[in-house]
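Reader: I work on computational chemistry and would love a close look at one part, the packing of helices. Please take me through it slowly, with the cut-offs spelled out.

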Amino acid sequence: MDKLIYLDNAATTKTAPEVVEAMLPYFTENFGNPSSVYGFAAKNKEAVSVQRERVAEILGAQAKEIYFTAGGSEADNWALKAVAESYASKGNHIITTKIEHHAILHTAEYLERKGFEVTYLDVDENGIVKLQELKKAIRPTTILISVMFANNEIGTLQPIKEIGEIAREHGILFHTDAVQAFGQIPISVDDCHIDMLSASGHKLNGPKGIGFLYIRSGVKIRSFIHGGAQERKRRAGTENVPGIIGLGTAAVRAVKTMEARAGKETELRDHLIRRVLEEIPYTKLNGHPKKRLPNNANFSFRFVEGESLLIMLDMKGICASSGSACTSGSLDPSHVLLAIGLPHETAHGSLRLTLGEETTREDIDYTVDCLKGIVKNLREMSPLYEDFLKKETACKSESRI
Ligand SMILES: *Cc1c(COP(=O)(O)O)cnc(C)c1O
């Protein structure tokens with residue numbers, strides 16, 4: 001089997017060849033430490049600040065508000081832990097949602113163990129935060145609202161601007177995990193009243209192990225890694241120069257191709273959704289039908305185990321995911337699917353397909369064709385499906401009487 005259809009771009013993406021090319025000299029000829037005084041290495045300081053400016057410009061931010069990190073998880077940890085500590089004298093309450101990435105949820109749980117109080121907001125059946133609930137959750141002691149821009153499992157986009165406005169009105173800091181959204185949809189930190197934003201290189205055809213946290217100037221936030229004076233003394237450690245070059249190059253590239261890519265992916269996504277819902281019975285689309293990432297489709301197939309589905313798809317050369325990669329290996333159904341109200345059984349039979357810039361219509365058609373056969377075969381082996389069919393026929397013959 002040499003065919004490989006990669007439909008797991010929410011887990012990670014292929015680093016674009018131009019991005020690799022831009023990075024390469026910084027492993028070899030330009031290996032100098034940006035903190036060194038001599039010109040040969042100091043050039044790298046300049047190279048890093050160029051990337052910082054490019055990233056800032058995309059968000060409508062200032063270069064000095066961008067802090068490079070080792071990825072999205074670190075940025076999320078930093079935002080929550082540092083705000084909690086820096087604003088502890090103001091209050092101890094944090095608001096987030098039930099559908100965040102584990103980098104947020106597990107950090108929030110850690111803070112709870114340290115004495116902070118956390119409200120995890122419910123979402124509606126499409127995965128959208130209810131603004132009324134958010135307003136009700138606000139207390140005089142609330143110091144931070146953290147709501148993700150776009151969900152990594154079901155692709156749902158949140159009303160970020162409205163959330164930002166609510167936070168601003170109440171004088172509460174607003175952080176958003178934009179790891180899935182940055183480079184995919186336009187973001188302006190000022191329009192949305194965002195005070196902090198996390199992003200990651202490897203979700204936008206950049207390298208792994210590099211990301212950033214945007215921190216609006218004026219936000220009091222302690223350093224995350226103590227040591228040298230890098231990242232304005234807030235995140236010590238010799239800069240990951242090749243990674244930073246890769247992240248900046250990938251971000252500029254993603255913005256340049258954004259409109260065309262989103263158009264193409266939306267069309268393919270909708271074609272995929274239409275075919276799956278029409279051709280495979282007892283199937284449901286998870287997440288909002290329209291307010292979702294251009295590249296995300298998430299389905300639940302009744303009477304099917306998500307893990308079995310993945311193995312069978314893998315045998316056909318198709319890479320997909322059931323729920324989020326972090327939860328695979330454990331038998332717990334995805335916390336996101338449970339939060340949108342799916343019963344455990346239905347949540348177990350879920351499949352996430354996330355398109356990328358190289359996905360073609362042929363890939364989608366091949367995938368749906370395989371999926372039809374696989375779901376049919378798996379159902380034929382399912383005792384639950386057998387019971388269901390028996391009941392169905394019983395009902396039908398009863399209604400005929
Ligand atoms: C991938 C992802 C992260 C983690 O980013 P890493 O760079 O892999 O640490 C955080 N949040 C969301 C929404 C993600 O999709």
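Author: Happily! Helix α3 passes helix α4 in a right-handed crossing, meaning that the near helix is turned clockwise from the far one by less than a right angle, while an anticlockwise turn would be left-handed. This is a predicted model, in which local features need pLDDT of at least 70 and side-chain atom pairs count only at pLDDT 80 or more, while totals for chains, interfaces and linings use all residues. Residues are numbered from 1 along each chain as its sequence is written, and side-chain values use heavy atoms, with hydrogens and water left out.

α3 covers residues 72–86 and α4 residues 102–113; they pack at an angle of about 30 degrees, with their axes 9 Å apart. Helices here are DSSP runs (H or I, at least four residues; strands are E, at least two), numbered from the N terminus. Axes are lines fitted to C-alpha atoms over the stretch in contact, and angles between N-to-C directions run from 0 to 180 degrees. α3 and α4 are therefore roughly parallel, a label for angles under 35 degrees, with over 145 roughly antiparallel, 65 to 115 roughly perpendicular and the rest oblique.

From α3, the contact (heavy atoms within 4.5 Å) uses S73, D76, N77, L80, K81 and A84, and from α4 it uses A103, I104, T107, A108, Y110 and L111. Those residues divide into seven nonpolar, three polar and two charged. Ala, Val, Leu, Ile, Met, Phe, Trp, Tyr, Cys and Pro count as nonpolar, Asp, Glu, Lys and Arg as charged, and the others, Gly among them, as polar.

S73 has a second role to look at: an N or O atom in its side chain is 2.7 Å from an oxygen atom of the ligand, a polar contact (a pair of N or O atoms within 3.5 Å).

Now for α12 (residues 361–380), whose axis comes within 10 Å of that of α8 (residues 258–279), crossing at roughly 20 degrees. α8 and α12 are therefore roughly parallel too, and this crossing is right-handed. On the α8 side are L268, H271, L272, R275, V276 and E279, meeting R361, I364, D365, V368, D369, L371 and K372 of α12. The division is six nonpolar, one polar and six charged.

α12 also packs with α9 (residues 306–315), at an angle of about 135 degrees and with axes 10 Å apart. These two are therefore oblique to each other, and their crossing is right-handed. S308, L309, M312 and L313 of α9 meet L371, I374, V375 and L378 of α12. Seven of these residues are nonpolar, one is polar and none is charged. L371 thus takes part in the contact with α8 and in that with α9.

Conventions
Polar contact = N/O pair within 3.5 Å; in protein donor to acceptor, adjacent residues only side chain to side chain.
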